[in-house]
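User: I should like a close look at one part of this model, namely the packing between two of its helices. Please place that part in the context of the chain and comment on the confidence of the prediction.

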Amino acid sequence: MGSESSDAAGLNRLPWHFLAGVGVLLLTMAAGEAMGEPVRNIIPYALATGLTAWRNGWTGGLIGAALASVAAVAGGALTHRPEAGGLIAEGLVNYIELSAVVFGVVHGRKLRGRRRASR
């Protein structure tokens, strides 16, 4: 009985931003399956990453970027072009692009906090 309450408490501690980010990734993959073609646009992956970075900072954002990169690979969004260095290289480039989103969100949030504090 004690473990059930601790499991429920752990689920309640998950920030809604993280759950929303995972939901966006799942919807993106489902949309790709429904269309018969993967979603190659970076915006849904960046949205999921930005949601996790907004609340969870660097660590959560980089984990979100990794999850989004894995979702892009699993969903077939990355092309398998040999001249691009293969799937692993493309996944790393995607992770670096999404890490830039994390950088922007984390620093934008810090600047927003400084502006509010100076008022």
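Analyst: The model is predicted; its chain has a mean pLDDT of 84, and 85% of the residues reach 70 or more. Among the elements of the chain, helix 3 has the highest mean pLDDT, 92, whereas helix 1 (residues 2–13) has the lowest, 48. Over residues 1–11 the pLDDT stays under 50, and the model shows zero contacts beyond four places in sequence for that stretch. Where pLDDT is low, the predicted coordinates should not be read in detail.

The part to examine is the packing of helix 3 against helix 4. Helix 3 spans residues 43–74, and helix 4 covers residues 86–118. Their axes lie 9 Å apart and meet at an angle of about 160°. Angles over 145 degrees count as roughly antiparallel, and helix 3 and helix 4 are therefore roughly antiparallel to each other. The crossing of these two helices is right-handed. The residues of the contact between helix 3 and helix 4 comprise 19 nonpolar, nine polar and three charged ones.

Ser69 offers a view from the side of helix 3, the helix in which it lies. Its relative accessible area is 6%; because buried means under 20%, Ser69 is classed as buried. With residues up to four places away in sequence left out, Ser69 touches Gly91, Asn94, Tyr95 and Leu98.

Glu97 gives a view from helix 4, to which this residue belongs. At a relative accessibility of 41%, Glu97 counts as partly exposed, a class that lies between the limits of 20% and 50%. The C-alpha atoms of Glu97 and Ala46 are 8.7 Å apart in space, although the two residues are separated by 51 residues in sequence.

For context beyond this pair of helices, Gly32 may be considered. Gly32 is part of helix 2, which runs over residues 16–35. With a relative accessibility of 7%, Gly32 counts as buried. Neighbours within four places in sequence aside, Gly32 is in contact with Glu37, Pro38 and Val39. Gly32 also lies 8.7 Å from Gly76, C-alpha to C-alpha, with their positions 44 residues apart in sequence.

In summary, the packing under examination is a right-handed crossing of two roughly antiparallel helices. Ser69 of helix 3 is buried, whereas Glu97 of helix 4 is partly exposed.

Note on methods: Residues are numbered from 1 along each chain as its sequence is written. This is a predicted model: local features need pLDDT of at least 70, side-chain atom pairs count only at pLDDT 80 or more; totals for chains, interfaces and linings use all residues. Side-chain values use heavy atoms; hydrogens and water are left out. Helices (H or I, at least four residues) and strands (E, at least two) are DSSP runs, numbered from the N terminus. Buried means under 20% relative accessible area, exposed over 50%, partly exposed in between (1.4 Å probe, protein chains only). Contact means heavy atoms within 4.5 Å. Axes are lines fitted to C-alpha atoms, for helices over the stretch in contact, and angles run from 0 to 180 degrees between N-to-C directions. Angles under 35 degrees count as roughly parallel, over 145 as roughly antiparallel, 65 to 115 as roughly perpendicular and the rest as oblique. A crossing is left-handed if the near helix is turned anticlockwise from the far one by less than a right angle, and right-handed if clockwise. Ala, Val, Leu, Ile, Met, Phe, Trp, Tyr, Cys and Pro count as nonpolar, Asp, Glu, Lys and Arg as charged, and the others, Gly among them, as polar. pLDDT is the predictor's confidence in each residue, from 0 to 100.
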